[in-house]
Amino acid sequence: MKETNGNLLSSQLLAQLTEARHVLVLTGAGMSAESGIPTFRDAQSGIWGKFRPEDLATPEAFEANPSRVWEWYQERRSKVLTVRPHAGHRALAAIASLVPELTIVTQNVDGLHQLAGSDNVAELHGNIMRSKCSISHRPISAEWLSDSSHSPPRSPYVSKGLARPDVVWFGEVLPQNVLQAAMDSALRCDFCISVGTTSLVQPAASLPLMALEHGASLLEINPRETPLSPHAGQCLRGTAAEVLPALLAQLRASKKDLDQRPRL
Ligand code: BV8
């Protein structure tokens with residue numbers, strides 16, 4: 001593993017990225033940090049300071065106190081509505097136009113990759129802007145929610161059901177179609193980039209290792225070391241909004257260089 005501060009990909013990894021046919025990018029909460037969304041394990045602020053996210057993002061927490069969990073998500077939703085993608089999100093969307101295939105698999109629930117123009121995005125943990133019935137799991141419209149004075153609103157489908165965020169809580173299985181697509185990408189990709197994740201939450205954290213086991217190159221972008229770091233070909237110790245635009249510039253130059261080489 002080659003650890004470098006700053007933004008420059010090694011010549012070996014740059015060559016592999018330039019020749020890559022399918023790039024898989026796994027993103028975590030650190031990808032959204034510079035858009036102003038606190039990472040999942042950053043200290044919670046305000047009234048939520050006394051709670052750990054892991055203790056709120058569970059079916060048991062919702063069962064025990066639906067209103068507290070609903071209000072936590074309502075506050076996070078209102079934050080998501082105020083933020084925009086940053087240069088790192090836009091760089092990933094631009095890198096996708098330089099390689100034959102790029103898949104983003106995100107643990108984030110904020111929709112920022114799609115807002116930045118990325119279209120091949122697998123939301124492993126759902127999306128905070130969607131709501132569903134706590135029993136039937138059928139989608140509940142924003143209109144239904146806005147007409148309700150309850151917190152959380154009741155479900156329109158099942159009498160004992162409640163509205164809940166359409167996200168995957170700890171202890172819940174991931175949407176199988178999304179997980180299957182993510183695993184297919186991990187098995188097929190030849191270059192994997194892990195950005196802004198502690199690499200602790202499963203099964204997401206296993207994807208870069210699956211890619212590595214199937215011969216892919218592995219790059220980690222994270223200001224701090226993670227359990228994935230020792231397995232990476234290179235770790236760029238910088239932030240998403242700094243490193244990804246620099247990676248885009250390096251790849252553009254390398255692709256141009258490749259195109260100008262005489263065909264033997
Ligand atoms: C499941 C949605 C079947 C909700 C989330 C195997 C081993 C051990 C445990 C398990 C296992 N299999 C299953 C489990 C249990 C559990 C789990 O993994 N627990 C962990 C804590 C050990 N997994 C599950 O329950 C999953 N379900 O597997 O079902 C099953 C069930 C039970 C038992 C067995 C099998 C469901 C997991 C999904 C949980 N839902 N989110 C919501 O958002 O409210 S996960 C949540 O954590 C977020 O999605 C978040 O993205 C994710 C992961 O955290 P990170 O993204 O890494 O974020 P974090 O804040 O931790 O770190 C930020 C990182 O960014 C840091 O590294 C930091 O250095 C870096 N950073 C900071 N700033 C920047 C930056 N990087 C770049 N630029 C910056 N500017």
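How many bridges join strand β5 to β7, and in which direction do the two run? Five bridges join them, and the strands run antiparallel. Strand β5 covers residues 126-133. This is a predicted model.

**The open sheet**

Three strands make up this sheet, in the order β6-β5-β7. The sheet is open and its pairing is antiparallel. β6 (139-140) and β7 (163-167) are the edge strands. Each has a single partner strand, so one side of each lacks a neighbour in the sheet.

Within the β5 and β7 pairing, N127 stands opposite D166 of β7. D166 also forms a salt bridge with R130, at 2.9 Å from N to O. R130 lies in β5 and D166 in β7, so the pair ties together parts that are 36 residues apart in sequence. Side chains of opposite charge can pair when their charged atoms come close. The whole structure holds eight salt bridges.

**Two domains and their interface**

The domain assignment splits the chain into two discontinuous sets of segments. Domain 1 takes 1-36, 85-125 and 174-264. Domain 2 takes 38-82 and 132-167. Their C-alpha centres lie 30 Å apart. Nine residues from domain 1 and nine residues from domain 2 make the contact.

The two domains bury about 630 Å² between them. Carbon and sulfur atoms account for 64% of that area. On the domain 1 side, A29, G36 and V109 supply 45% of the area buried against domain 2, more than any other three residues.

What does the rule find in the way of salt bridges across this interface? It finds zero. The search for residue pairs in polar contact, both at pLDDT 80 or more, also gives zero. By class, the domain 1 side that touches domain 2 has four nonpolar, four polar and one charged residues.

**Backbone exceptions**

Most residues other than glycine have a negative phi, and most peptide bonds are trans. The table lists two cis bonds and one positive phi.

| Site | Backbone value | Location |
|---|---|---|
| S151 to P152 | cis, omega about -5° | P152: loop between α8 (142-146) and β7 |
| Q202 to P203 | cis, omega near 0° | P203: loop between β8 (191-195) and α10 (207-213) |
| H137 | phi near 65° | loop between β5 and β6 |

Two of these sites sit in loops that lead to strands of the open sheet. The loop with H137 lies between β5 and β6. The loop with P152 runs between α8 and β7.

Key
Residues numbered from 1 in each chain as written. Predicted model: local features only at pLDDT ≥ 70, side-chain atom pairs only at ≥ 80, totals over all residues. Heavy atoms only, no water. Domains from an automatic or database assignment. Contact = heavy atoms within 4.5 Å. Buried area = accessible area lost by both parts, 1.4 Å probe. Salt bridge = Lys/Arg side-chain N within 4 Å of Asp/Glu carboxyl O. Polar contact = N/O pair within 3.5 Å; in protein donor to acceptor, adjacent residues only side chain to side chain. Nonpolar A, V, L, I, M, F, W, Y, C, P; charged D, E, K, R; others polar. Pairing = 2+ DSSP bridges. Helix = DSSP H or I, 4+ residues; strand = E, 2+ residues; numbered from the N terminus.
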